[in-house]
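Good morning, colleagues. I should like to take you through several helix contacts and a few individual residues. Please have the sequence and the model in view.

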Amino acid sequence: MSDSALTSEETVLLDRVQAPAGEGREILDAATREVLGRAPVQTVADLDAAIARAKAAQPGWEALGHDKRIALMMQTADAIDANAEALARILSREQGKPLNGPNARFEVGACSAWLRTAASTVLEPQVVVDDGETHAELHYRAVGVVGAIGPWNWPMMIAIWQIAPSLRMGNTVVLKPSEYTPLSVLAMISVMNEVLPADVLIGVSGDREVGARLASHPDVDKVMFTGSTATGRKIIESSAGNLARLTLELGGNDAGIVLPGTDPAAIAQDLFWGAFINTGQTCAALKRLYVHDSIYDEVVEQLAKIAEATPMGNGLSEDNVLGPLQNKQQFDIVNRLVEDAKAHGGRIVTGGAPAPELGELFYPITLVADVADGTAIVDEEQFGPILPIIKYSDVEDAVASANRLNVGLGGSVWGDRDEARKVAARIQSGTVWINSHGGVHPMIPFGGVKGSGYGLEFGVEGLKAVAVPQIING
Ligand code: NAD
């Protein structure tokens with residue numbers, strides 16, 4: 001069997017979730033642009049029915065109690081592991097990310113890992129006053145129905161980030177995957193539903209209109225949204241109607257600062273993957289790199305060497321670790337930003353033009369040197385395989401540059417740990433990594449500031465975010 005043929009396991013999963021022949025909407029393989037399958041096109045009426053079912057199922061799910069929910073969640077993680085290779089192959093085709101590297105197999109592995117951690121994380125009631133006269137406790141109850149809306153870059157993992165804590169706390173979930181990557185997410189949900197009681201977790205495949213209805217529906221009590229800042233603003237507006245609680249993980253434009261005295265060779269690999277994980281289509285990727293002028297040329301050269309040696313191509317080939325852009329819209333953004341950088345005097349160190357020999361949506365790793373703040377490649381979120389590298393001579397200026405945009409998801413400082421920690425404290429972002437960029441952990445809270453949104457995911461804070469506090473006083 002060739003690498004590219006669907007395995008029987010993939011066919012079984014796809015057939016469970018896709019629309020019948022002649023119906024639905026074609027979903028293309030991101031690398032080959034051949035038809036992968038047909039996404040069901042569900043309507044606002046279908047969504048309303050799904051929310052009604054989730055609402056009816058919620059009290060029973062909550063009443064099961066923590067131990068039974070934990071056991072069922074552990075079984076969903078086992079079910080994902082049992083189907084891991086087929087899920088990774090579907091994800092690789094639909095999203096474009098290779099099987100190997102920090103990509104499709106890694107993403108599926110993270111899904112079961114996050115489920116297990118959310119299942120085993122404990123959120124105990126707290127005694128807030130106990131002074132002999134008053135005894136008051138803070139408890140966390142289920143919110144009700146959680147509406148989850150996700151993007152196309154890490155579609156399965158981000159869905160799990162929304163689903164896992166929600167189920168753990170006794171909520172039911174209606175999830176709308178991105179219209180670009182519905183099949184991988186629906187396939188994962190169908191695997192989880194081999195174990196879960198009916199209607200506890202429902203996937204609804206629809207467009208932006210369905211997303212808008214999910215965010216504004218009167219029976220949705222909490223919205224977990226990951227996507228662009230523009231859509232995030234619309235969701236805030238609709239929450240004025242249903243008063244849904246919100247967690248908003250929005251866009252970013254993470255800065256990295258390399259301090260003087262840092263060894264370029266020692267950090268180059270981690271810088272590269274901080275920027276180019278998932279071929280740059282990652283919310284908390286390194287998107288602007290500020291390097292001290294004393295080591296600027298060497299950092300650029302080290303990154304270029306790695307870029308040229310890192311294989312890009314069809315994700316089903318075991319050799320590749322970089323893939324295509326997922327969709328034409330994002331490809332066009334990347335292309336525009338590179339052309340604009342060239343027109344504004346940016347120096348293309350490597351890459352710099354599409355790679356049609358690899359396929360329609362392939363763009364090589366592109367390093368743009370000698371650019372400054374104020375150019376589009378620096379100021380806009382590229383969400384693709386381009387990195388602007390900006391020279392600085394005073395750390396104060398680099399900190400000011402990092403903080404000048406109205407987003408703040410992540411950031412990083414590279415160099416001596418003590419020096420780097422001092423600089424880190426002055427960066428306006430939800431996370432600052434020292435000598436790495438973008439790593440997430442199921443017990444370490446993650447979220448943005450400024451235009452990157454609000455609310456925390458993961459760990460105990462993540463459980464609180466999908467719960468309502470209740471005081472028992474007396
Ligand atoms: P997007 O905002 O275009 O779409 C995200 C989801 O919102 C899709 O499912 C879409 O159908 C839905 N949607 C669109 N309009 C809607 C509306 N009016 N109401 C409700 N839902 C609506 O984002 P995208 O292009 O899929 O994702 C890329 C963006 O997501 C980037 O900016 C990236 O930085 C961000 N992102 C952030 C994180 C994070 O954790 N902060 C993670 C991944 C991606």
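**Helix packing and selected residues**

I begin with Lys450, whose place is in strand β18, residues 449-450. Helices (H or I, at least four residues) and strands (E, at least two) are DSSP runs, numbered from the N terminus. Before going further, I note that this is a predicted model: local features need pLDDT of at least 70, side-chain atom pairs count only at pLDDT 80 or more, and totals for chains, interfaces and linings use all residues. Residues are numbered from 1 along each chain as its sequence is written, and side-chain values use heavy atoms, with hydrogens and water left out.

Lys450 is not a glycine, yet its phi is positive, at about 50 degrees. Is this residue buried or exposed? Lys450 counts as partly exposed, at 34% relative accessibility. Here buried means under 20% relative accessible area, exposed over 50%, and partly exposed in between, with a 1.4 Å probe and protein chains only.

Thr279 also has a positive phi, of about 55 degrees, although it is not a glycine. Thr279 sits in the loop between α10 and β11 (286-292). With a relative accessible area of 2%, Thr279 is buried.

I turn now to helix pairs. Two packed helices are described by the angle between their axes and the distance between the axes. Axes are lines fitted to C-alpha atoms, for helices over the stretch in contact, and angles run from 0 to 180 degrees between N-to-C directions.

Helix α10 (residues 264-276) and helix α11 (residues 296-309) have axes that come within 9 Å and cross at roughly 50 degrees. That makes α10 oblique to α11. Angles under 35 degrees count as roughly parallel, over 145 as roughly antiparallel, 65 to 115 as roughly perpendicular and the rest as oblique.

Which residues of α10 meet α11? They are Pro264, Ala265, Ala268, Gln269, Leu271 and Phe272, and their partners in α11 are Glu298, Val299, Gln302, Leu303, Ile306 and Ala307. Contact means heavy atoms within 4.5 Å. The residues of this contact divide into nine nonpolar, two polar and one charged. In this scheme Ala, Val, Leu, Ile, Met, Phe, Trp, Tyr, Cys and Pro count as nonpolar, Asp, Glu, Lys and Arg as charged, and the others, Gly among them, as polar.

The second pair is helix α8 (residues 208-216) and α9, with axes that come within 8 Å and cross at roughly 40 degrees. These two helices are therefore oblique to each other. Arg208, Ala215 and Ser216 of α8 make the contact with Thr231, Ile235, Ser238 and Asn242 of α9. By class, this contact has two nonpolar, four polar and one charged residues.

Asn242 deserves a further word. This residue is found in helix α9, residues 229-242, and is buried, with a relative accessible area of 15%. Not counting residues up to four places away in sequence, Asn242 touches Ala215, Ser216, His217, Pro218 and Val220. A polar atom of the Asn242 side chain lies 3.0 Å from the backbone oxygen of His217.

Finally, how many residues of helix α7 (residues 182-192) are buried? The count is eleven of its eleven residues, and the helix is mostly covered. Among them are Pro182, Leu186 and Met192.

Notes:
A polar contact is a pair of N or O atoms within 3.5 Å; within protein, one must be able to donate a hydrogen and the other to accept it, and residues adjacent in sequence count only if both atoms are side-chain atoms.
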